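Colleague: Got a minute to go through this model with me? I have a few short questions.

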Amino acid sequence: MITIKDIVELQESYNKLVKTKTLSKRKLCELCIPFRDEFGLTDLETLRIARNEITLKEIDKINGLMIGADDYVTKPFQPLELIARVKAQLRRSQKYNNSNQ
């Protein structure tokens, strides 16, 4: 699970590269790839975290999905959206159960 400490370390390292004007594609890869691989993120997600373009709400969603959630709804949510998500999950589970019989 990604912690705030992990995020802060990545952002501080990224900011040092920017300040020293040594931000090349190679340096960026050296910085982001271990973080990306450890947490199973995409390159874009990792880069957004490094650039501080991702919110804590998004981090919560990523953590929820990484630990096994099929879906993740944050507050405040729209009741109709929640109903649609539940119905979609029920459809998927019914298809799965029917295919295993």
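Modeller: What follows covers a helix pair, one glutamine and the cysteines, in a predicted model.

Colleague: Start with the helices. At what angle do α1 and α3 pack?

Modeller: The angle is about 80°, and the axes are 8 Å apart. Helix α1 spans residues 4-19 and helix α3 residues 43-50. Angles of 65 to 115 degrees count as roughly perpendicular, so α1 is roughly perpendicular to α3.

Colleague: Which residues meet there?

Modeller: From α1, Ile-7, Leu-10, Gln-11 and Tyr-14; from α3, Thr-46, Ile-49 and Ala-50. By class, that contact has five nonpolar residues, two polar and no charged ones.

Colleague: Take Gln-11, then. Buried or exposed?

Modeller: Gln-11 is buried, at a relative accessible area of 14%.

Colleague: And what does the Gln-11 side chain reach?

Modeller: The backbone oxygen of Ile-49, at 2.8 Å. Leaving aside residues up to four places away in sequence, Gln-11 touches Ile-49, Ala-50 and Asn-52.

Colleague: Different topic. How many disulfides does the structure hold?

Modeller: Zero.

Colleague: Why no bond for Cys-29?

Modeller: Because the closest cysteine sulfur, in Cys-32, is 7.5 Å from the sulfur of Cys-29, which is too far for a bond. The cut-off for a disulfide is sulfur atoms within 2.5 Å.

Colleague: Where do those two stand on accessibility, buried or exposed?

Modeller: Cys-29 is partly exposed, with a relative accessible area of 41%. Cys-32 counts as buried, at 9% relative accessibility.

Technical notes: Residues numbered from 1 in each chain as written. Predicted model: local features only at pLDDT ≥ 70, side-chain atom pairs only at ≥ 80, totals over all residues. Heavy atoms only, no water. Axes fitted to C-alpha atoms, helices over the stretch in contact; angles between N-to-C directions. Helix = DSSP H or I, 4+ residues; strand = E, 2+ residues; numbered from the N terminus. Parallel < 35°, antiparallel > 145°, perpendicular 65-115°, else oblique. Contact = heavy atoms within 4.5 Å. Nonpolar A, V, L, I, M, F, W, Y, C, P; charged D, E, K, R; others polar. Buried < 20%, exposed > 50% of the residue type's maximum accessible area, 1.4 Å probe, protein only. Polar contact = N/O pair within 3.5 Å; in protein donor to acceptor, adjacent residues only side chain to side chain.
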